[in-house]
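Visitor: Before we begin, please take me slowly through one part, and then follow the threads that lead away from there.

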Amino acid sequence: IVTKTDGEENDGKKYHIGDTITWTIKVTNIYAEEKSVTVTENLKGAELSEYPKTLKPGEEISITATYVVTAADVEAKSIKNTVSVKLGDLEPKGDDTVDTEPVEITIKADDAEKPYDGTALTKDSWKQTAGELVEGHKIDSVKVTGSQTLVGSSENKPSEAKIVDKDGVDVTKGYKITYENGTLTVTDKDIPDNKIVTKTDGEENDGKKYHIGDTITWTIKVKNIYAEEKTVTVTENLKGAKLSDYKKSLKPDEEISITATYVVTAADVEAKSFKNTVTVKLGDLEKKGDDTVDTEPIKIEITADSASKAYDGKALEKPDVTVGGDGFVEGEVTELKATGTITEVGSVTNTITYTEGSAFKADNYTITKDEGTLTIKQNSAEITITAKDATKTYDGTA
């Protein structure tokens, strides 16, 4: 009795703060006489359209219910609309659960640069660089913190944004805010590249999530900004990272590229991310660059087959399984199979099992099992049983 008017093709849509959802409640009088009808729902703030209070026999009406998604709905991640229809002595209920998600916007703190003068460089300003606010909403305030006095760079960090509606009500919980740091730079002279750490797989792969065993390669670019030859040293914080060879001294304006490779560990997956911080010392200037990499478990999909047959006194088994997704790391899992077995008439699950090796760690994987069903059916042979006829003269006994 509850359907969304945007159609079944949009089932699974996630709604944002400010979106209007419309449901249709259909009611038919199944009685042979006129009956009164009432409709109620649980959503505070929902509006029901006008509808007849009585229905003639066989009469059908459609009532619309509209609702505007709130910040609280976004925080709860879903909305459940339960509609009760009372028609005569009948009181059927219907419900529809709608998923919600925040509106995504990006706020970036502004960059600033100046030659060294011994005073702190600050920049208390920001811009919305991505996403759109709901009509009538505005960013009321953003906290920006950052300060740089010595030669080098540091982050200008935005945080604690407050978004309000046209009435000044705080609706920040209806948004997912991504904060991008600006850069505060104090220079000896012009520095051509503030970002001295970049991933060689390119900016188009930013946001990629890495798995255990993946190799990540970074390129560290260093340029001598001094007029005389300077010694350069490069270090990083990742235990196990390998730096390629690089020159120990650079001529004026000379630029070199150094590669650093790293293999993702189980600890990195468990932590969900890790940060590679590279420190470059060039003369008296010490500069840092970093890159945060997100990690996730390897996704595994294991499928066991289903099978059926007529009863023949022999066991039915289907041990082969199919492994989809990225697959297990070599050597971590053995004896992967389906162990279901059945001999008598009935059904059992074709259970998936495997043996974990010594290096196996469950947190490194997201494992989905699709276990089949094994079924023994009754033998289909048919028999006929016929009762005999009998006749006698009535004598008062059966």
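Visitor: Which residues have the most contacts inside the largest nonpolar core?

Guide: This is a predicted model, in which local features need pLDDT of at least 70 and side-chain atom pairs count only at pLDDT 80 or more, while totals for chains, interfaces and linings use all residues. Residues are numbered from 1 along each chain as its sequence is written, and side-chain values use heavy atoms, with hydrogens and water left out.

The residues with the most contacts inside the largest nonpolar core are Ile 17, Val 27, Val 37, Ile 105 and Tyr 175, and the core has 36 residues. A nonpolar core here is a set of buried Ala, Val, Leu, Ile, Met, Phe, Trp, Tyr and Cys residues joined through side-chain atoms within 4.5 Å; buried stands for under 20% relative accessible area, exposed for over 50%, and partly exposed for values in between, with a 1.4 Å probe and protein chains only. Tyr 175 gives a good view of the surroundings: leaving aside neighbours within four places in sequence, Tyr 175 is in contact (heavy atoms within 4.5 Å) with Ile 17, Pro 102, Val 103, Ile 105, Leu 133, Val 134, His 137 and Ile 163. Another core, of 20 residues, lies apart from the largest one, and includes Ile 216, Val 293, Ile 352 and Tyr 365.

From Tyr 175 the path can be followed through Val 103 and Ile 105 to strand β10, which spans residues 103-109 and holds Thr 106. Strands in this account are DSSP runs of E with at least two residues, numbered from the N terminus, just as helices are runs of H or I with at least four. Thr 106 is buried, at a relative accessible area of 10%, and, again leaving aside neighbours within four places in sequence, Thr 106 touches Lys 127, Gln 128, Thr 129, Ala 130, Thr 178 and Glu 180. A salt bridge, in the sense of a side-chain nitrogen of Lys or Arg within 4 Å of a carboxyl oxygen of Asp or Glu, joins Lys 108 to Asp 111 at 3.2 Å, N to O. Lys 108 is partly exposed at 21% relative accessibility, and Asp 111 is partly exposed at 43%.

Val 37, another of the core residues with the most contacts, leads to strand β4, residues 35-41. An open sheet of 5 strands with mixed pairing includes β4 and runs in the order β2-β9-β8-β4-β6, where two strands pair if DSSP finds at least two bridges between them. The edges are held by β2 (14-15) and β6 (54-55), each with a single partner strand, so one side of each is left without a neighbour in the sheet. The pairing of β4 with β6 is antiparallel, over 2 bridges, and Lys 35 has Leu 55 in β6 as a bridge partner. The side chain of Lys 35 also forms a salt bridge with that of Glu 33, at 3.3 Å from N to O; Lys 35 is buried at 18% relative accessibility, whereas Glu 33 is partly exposed at 39%. The structure holds 9 salt bridges, among them one between Lys 392 and Asp 395 at 3.1 Å, N to O.

Tyr 175 also touches Ile 163, and strand β14, residues 152-164, is where Glu 160 is found. Glu 160 is not a glycine, yet has a positive phi of about 50°, and with 56% relative accessibility Glu 160 is exposed.

For a view of another sheet, consider the open one of 3 strands, ordered β27-β35-β32 with mixed pairing. Its edge strands, β27 (307-310) and β32 (346-350), each pair on one side only. The twist averages 15° from one strand to the next, taken from axes that are lines fitted to C-alpha atoms (for helices over the stretch in contact), with angles from 0 to 180 degrees between N-to-C directions. β27 and β35 (residues 372-377) are parallel partners over 4 bridges, and Lys 309 stands opposite Ile 376 in β35. Thr 373, also in β35, is partly exposed at 36% relative accessibility. Thr 373 lies 5.8 Å from Val 348, C-alpha to C-alpha, although 25 residues separate them in sequence.
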